[in-house]
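Trainee: I'm new to this one. Could you walk me through how to read it?
Mentor: Sure, let's put it on screen and start with the surface.

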Amino acid sequence: MKKICLQILFLFPLIANAQHLDSLSTNISSSVIVAYFEKIDKEDFIYLVPFQKKELWGYLDKRTLQVRLPAVFDQLGFYKGEGYIGSFYDTVSLTDYIVTVDKSGKINFQISVISLMEALPPGLFSRAYSQNIEVLSSAEGNNGFQYTMDEDYIDITAYSDLYRSHNKNQPLLIPMKIDNKIVAIAGKKSEDPHLTSYGIIDPQGNTLSGFDFKHNRIIPIKGTRDTKDVWFLVQQSKNNNNAYSYLNHKGYYRLKNQLPQSVYYYYRSSQKDYPFYMPHEHTLGYILVENKIFDLYELKQEKQLAEEYQGLWISYAIATPLEKDTVEEKRKKAHLYIWVKKENKYFYIDLYGNEYLPID
């Protein structure tokens with residue numbers, strides 16, 4: 001069922017005073033911001049890296065480490081072809097502004113109170129269960145499920161009593177199509193009444209290789225480079241550290257028991273193509289967990305940060321608007337950065353360990 005979420009984002013004023021502005025002798029206004037950006041060619045936006053100074057943000061050029069925009073922004077992000085880049089407090093009009101850049105490189109301003117409305121997309125392979133799902137007796141040899149299917153949907157119409165349900169009309173079965181065959185992720189009763197074991201079964205109740213009810217979770221995923229196989233994020237039942245693995249429908253693992261538990265939440269936040277989950281789009285598949293960079297597109301660990309760094313988040317710059325390229329093309333063109341803490345300093349580094357701090 002489609003759900004509507006309303007999220008109101010308020011950006012509160014930050015009163016900028018003289019000590020924040022350092023060498024700037026003028027008040028900070030939209031005209032001052034425009035003047036600084038007019039000195040930067042659009043082709044150079046891709047090389048701008050945010051830096052922080054006295055709680056405010058500016059831009060440096062990654063090629064020279066020279067400051068291109070002084071630290072006057074309340075928030076400042078990387079250039080991504082167009083759209084939002086940051087916000088600042090206008091000391092002349094006493095107004096908070098959001099700053100955006102269009103395709104031509106022109107800077108635009110708007111008052112920074114935004115109302116956003118998001119709608120979760122409808123499912124493609126399942127919908128609200130009917131009111132008359134039959135529960136079949138396993139004692140009579142019924143070990144699987146029955147279904148109906150039209151062009152877009154698979155509906156469970158009957159299922160074995162071997163499988164758990166929230167109630168009679170909501171079995172813990174998620175139907176999906178793999179290799180043009182209908183299967184279902186199923187939740188099964190276990191010895192512990194508080195735990196459910198998950199597997200993948202065909203309509204007769206036969207399990208797929210590697211999916212014989214030995215997992216606490218089975219999450220179907222998309223957004224990987226491998227489009228031939230169907231991949232799942234799984235957590236084994238007998239796993240003391242709660243780690244996750246990747247497992248495809250043929251029973252092959254990647255990063256077996258090497259993914260921290262928090263990786264699960266990077267998927268649970270986005271279910272755009274039911275029943276599949278996608279990783280966060282805003283990092284192009286790269287995530288930072290426990291000082292490790294995981295690549296959710298290639299399904300591998302990309303890098304372990306050096307011990308002197310505490311990794312906080314990942315971001316990137318790209319010259320082409322996101323909707324124009326495939327994920328793989330975006331990743332080839334993007335400049336990836338990690339915001340880190342080293343001793344008492346905060347700054348960005350890249351995958352090669354280069355530090356981006358302005359030259360004094």
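Trainee: How much area does the chain expose, and what share do carbon and sulfur atoms supply?
Mentor: Accessible areas come from the Shrake-Rupley method with a 1.4 Å probe, and for residues only the protein chains shown count as cover. Here the chain exposes about 19500 Å², with 48% supplied by carbon and sulfur atoms. Keep in mind that this is a predicted model, where local features need pLDDT of at least 70, side-chain atom pairs count only at pLDDT 80 or more, and totals for chains, interfaces and linings use all residues. Residues are numbered from 1 along each chain as its sequence is written, and side-chain values use heavy atoms, leaving out hydrogens and water.

Trainee: What percentage of the residues count as buried?
Mentor: Buried means under 20% relative accessible area, exposed means over 50%, and partly exposed is in between (1.4 Å probe, protein chains only). Of this chain's 360 residues, 45% count as buried.

Trainee: How many helices and strands does the chain have?
Mentor: Both are DSSP runs numbered from the N terminus: helices are H or I with at least four residues, strands are E with at least two. This chain has four helices and 28 strands.

Trainee: Now salt bridges. What's the idea?
Mentor: Side chains of opposite charge can pair when their charged atoms come close. The rule asks for a side-chain nitrogen of Lys or Arg within 4 Å of a carboxyl oxygen of Asp or Glu. By that rule, the count is ten salt bridges.

Trainee: Which residues does Asp61 pair with?
Mentor: Asp61 forms a salt bridge with Arg63, their closest N and O atoms being 2.8 Å apart, and another with Arg68 at 3.4 Å, N to O.

Trainee: Is Asp61 buried or exposed?
Mentor: Asp61 is buried, because its relative accessible area is 4%. Arg63, at 47%, counts as partly exposed, and so does Arg68, at 23%.

Trainee: Which parts of the chain does the pair Glu328 and Arg225 tie together?
Mentor: Their side chains meet in a salt bridge at 3.7 Å, N to O. Glu328 lies in helix H4 (residues 327–333) and Arg225 in the loop between strand S18 (215–221) and S19, so the pair ties together parts 103 residues apart in sequence. Salt bridges that share partners also join Asp44, Asp61, Arg63 and Arg68 into one network.
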